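Colleague: I am new to this structure. Could we go through a few points, one by one?

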Amino acid sequence: MTPPAWKAVTHTCPRAIGLVFCLCLAAALTAGMVSPTLAQEFELPQELDENAPWLIEADKLVGLHDAQVVEAEGNVVLRQGPNYLQADFARYYRDTQWVYLEGNVRAGLGGDEIEAESAEFDLANKVGWLTNGRIFLVDPHIYFTGETIHKSFGDTYSFENAYVTACDSCPAAWSFSADEGEVTIDGYAELRGTSFNILGQPVAYLPYMIMPAKTTRQSGLLFPELGYTKHLGFFMNLPIYVVIDEENDITFYEYVMSQRGFMQGVEYRNQLSLETRSLIRFDYIFDQEIAREERQENSPLNRDGLVRSNHSRYWLRGMVDADLPAEWKLKLNLDFTSDQNYLREFNAGLSGFNRSKNEFLDEFSRTIAENDQNRTSELLLTRDFGFFAVAGSIEWNQSTAHGHGNETPERDPSLQRVPELTAYLFQDRIPGIENFPLELAAEAQYTYFWRQYGTRGHRMDLTPTLSMPLVCEYGSIIPTVIWRNTLWDVDDFKTTTVAEGDDNIADRSLPMFDVEAFTELYRVWDLGLDEPFPLTMDSVGNSRTAAIKHAIQPRIEYSGVPHVEQRDMPYFDDMDRIEEQQELTYSLTNVITAREETVVMGTDEDGSATPALEVGYEDVVRLTLEQSYDFNEATREDSRQYDRRPLSDIRAEVTIHYDEYLSLTSRTWYSVYEHLITEHEHTLRAEVPDMVGAQVSFDFQHDIDEFKRQNRQAISILRTQAWVHLLYGLSLDLQWDYDMSNEVELNRGLGVNFQHQCFDVHFNYSRSGLDERFEAWVNLVGFNLF
């Protein structure tokens with residue numbers, strides 16, 4: 001029970017004086033009287049500004065020297081908003097606002113944690129010192145320890161006999177020891193007389209070093225990638241990361257190869273918003289090796305009939321997404337390279353093709369062409385007006401086989417679209433007759449085709465589409481009529497057979513017809529779960545299958561395109577040659593769908609957290625059988641060399657998906673004429689998350705020679721991948737690809753990874769037809785080289 005004198009004083013003390021001063025005065029009047037824990041008597045404010053008084057709690061509180069000094073003992077806690085000081089014993093000086101702490105000292109200042117045997121703080125100026133203290137920076141997860149630590153104005157601490165690490169374990173896996181040092185929160189740490197230690201044992205010495213101590217993104221040297229390859233030699237790739245501001249940064253890559261020379265790379269990143277971002281990168285090397293003759297190239301690069309006589313080699317790539325004013329959207333893809341072999345020789349590592357391809361896919365949901373193909377760059381500008389949209393683009397295609405000792409660039413036939421303008425009218429009911437099921441869509445496009453060598457000219461294309469969806473309880477029928485109207489205006493006739501006239505004009509009008517009919521038969525099985533899912537906190541995250549649906553979906557479609565003579569028309573791309581078509585396609589699809597119920601954390605009307613039921617649907621099994629009948633092939637006149645085969649292969653596609661543990665995609669084509677399987681595409685993936693997983697893919701293609709598939713070669717490729725997470729942060733990655741038709745190993749790879757709380761180590765080995773590569777890199781958590 002609190003003494004009456006204590007209660008009287010605390011109740012009558014003016015609020016403006018502050019709770020700390022009230023407690024000091026009350027302690028003086030009670031003349032050393034022992035109080036109960038003060039937190040039991042006062043409800044402390046939860047949010048205070050920096051000028052608010054410090055509040056004190058303790059098992060025992062005594063006032064000395066007319067309340068100018070307050071001594072607290074046992075579970076002492078001083079608080080000011082989120083800041084706190086904690087110790088076994090504290091002495092507070094009212095006039096100077098100086099506090100002395102002793103025994104199990106802990107402090108939280110600005111989100112960072114401090115520990116010490118004893119400490120003194122000037123609470124007004126926030127300076128002081130610690131004995132045998134330790135500072136823990138939460139965001140970069142770094143500990144700074146010293147026998148004596150002085151806190152200066154602001155967030156700067158100086159150390160004697162300093163010790164720095166990001167490891168929670170003792171002894172630390174890695175650490176730095178220094179005679180003295182200084183650290184500024186969200187700045188840098190300077191260490192003098194420094195040794196780098198592994199498990200407490202010094203292994204390297206530096207007279208002076210500087211390291212980041214920032215809670216935000218920080219500039220610095222990142223850890224290098226080290227390794228050896230057969231064709232590049234020993235290499236080191238050192239990234240230098242430079243933060244420009246919160247939205248922009250640059251990374252320089254200093255890539256040294258013993259057999260090829262020095263490659264300089266620079267990467268620029270920008271993130272202005274969720275939808276506006278960019279990533280652009282450029283690498284350049286003056287290659288020590290060239291190949292003026294094909295036999296001088298490394299295998300298998302010496303089998304393509306091309307040479308490489310250029311020392312200067314480069315690769316520019318990038319992507320940009322941007323939201324512009326007035327709801328316009330911009331997308332940019334950049335992809336230029338110096339020669340046909342650059343992306344195949346420099347395909348791995350920090351500066352390699354594979355890394356850029358995966359980064360683009362992760363960040364922009366699109367990627368670049370494979371490393372053995374020509375390069376394409378495109379600028380796209382779009383605007384959606386609701387019922388119609390417009391788009392403008394420029395597309396530039398680079399043939400990597402021209403120049404550098406091969407065919408001259410003047411003979412490059414690569415086709416460029418500069419520009420291409422398109423307008424889309426989205427499919428909808430025709431205004432004025434909305435009650436009639438007639439829908440209209442249209443597309444209009446203008447393109448100017450330019451090439452260094454070959455036909456150049458304009459093409460204008462207008463394609464209206466009329467469809468009439470007819471829906472009843474038994475299914476749907478959708479007839480569609482398309483009328484494609486094309487006009488060409490040719491500038492140059494180098495590679496076209498169009499008759500050169502005064503106006504250089506050619507046109508084509510081509511009707512197309514399509515009708516599609518489909519329906520669905522289904523049945524739902526309730527799994528008889530009589531009891532509802534308990535919506536409790538303990539059941540959050542639990543799920544169950546409540547029902548199963550089996551659907552059968554037959555579908556039939558006829559596509560017709562009449563014969564229109566087009567041999568004398570200009571040819572820029574495949575849209576200039578639309579072949580005659582009369583084809584009937586029929587399919588049957590079976591789908592098994594599971595109704596999943598999951599207890600998730602939701603909110604009630606008051607905004608409070610409460611368990612809620614979430615319902616989702618997942619296609620567990622899908623089986624499709626499909627075949628086509630080609631009426632033109634059935635009536636083909638010339639059947640001397642190839643027999644008529646109007647029936648296509650039967651395609652059977654199976655997809656099985658079971659939660660995150662198992663997935664199977666299998667496609668098989670069977671010829672009713674050859675009575676054999678002509679093609680396989682199988683991928684099986686099984687995984688226990690965070691434990692073990694494997695994926696096997698098999699691509700098979702039978703050699704076949706028929707009218708629609710002439711001289712098709714056999715392919716049989718097996719691709720395997722496995723990964724396992726072992727004990728203590730150790731994991732393995734395995735990869736093996738094999739060409740079974742030619743009995744050639746395509747690729748093999750082994751990755752060994754070790755992930756610790758404060759560091760990770762990676763070793764990779766790979767061998768392909770192009771190169772054999774060893775590489776390793778280390779990452780110390782929370783630490784850059786500079």
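Colleague: Which residue lies over the face of Tyr253?

Modeller: This is a predicted model, in which local features need pLDDT of at least 70, side-chain atom pairs count only at pLDDT 80 or more, and totals for chains, interfaces and linings use all residues. Residues are numbered from 1 along each chain as its sequence is written, and side-chain values use heavy atoms, with hydrogens and water left out. A charge sits over a ring if NZ of Lys or CZ of Arg is within 6 Å of the ring centre and within 35 degrees of the ring normal. At 3.8 Å from the ring centre of Tyr253, the residue is Arg281.

Colleague: How far from the centre of the Phe385 ring is the charged end of Arg383?

Modeller: The charged end of Arg383 sits over that ring. Its distance from the centre of the Phe385 ring is 4.1 Å.

Colleague: What separates the ends of helix H4?

Modeller: Helix H4 (a DSSP run of H or I, at least four residues) has twelve residues, 353–364. The expected span is 1.5 Å times one less than the number of residues, so H4 should span 16 Å. The end C-alpha atoms agree with this, being apart by 16 Å.

Colleague: How wide an arc do the buried residues of H4 cover?

Modeller: Buried means under 20% relative accessible area, and in H4 this holds for Phe353, Ser356, Lys357, Glu359, Phe360 and Phe364. They lie on the same side of H4 because their arc, taken from the directions from the helix axis to the C-beta atoms, is only 165°.

Technical notes
Helices (H or I, at least four residues) and strands (E, at least two) are DSSP runs, numbered from the N terminus. Buried means under 20% relative accessible area, exposed over 50%, partly exposed in between (1.4 Å probe, protein chains only).
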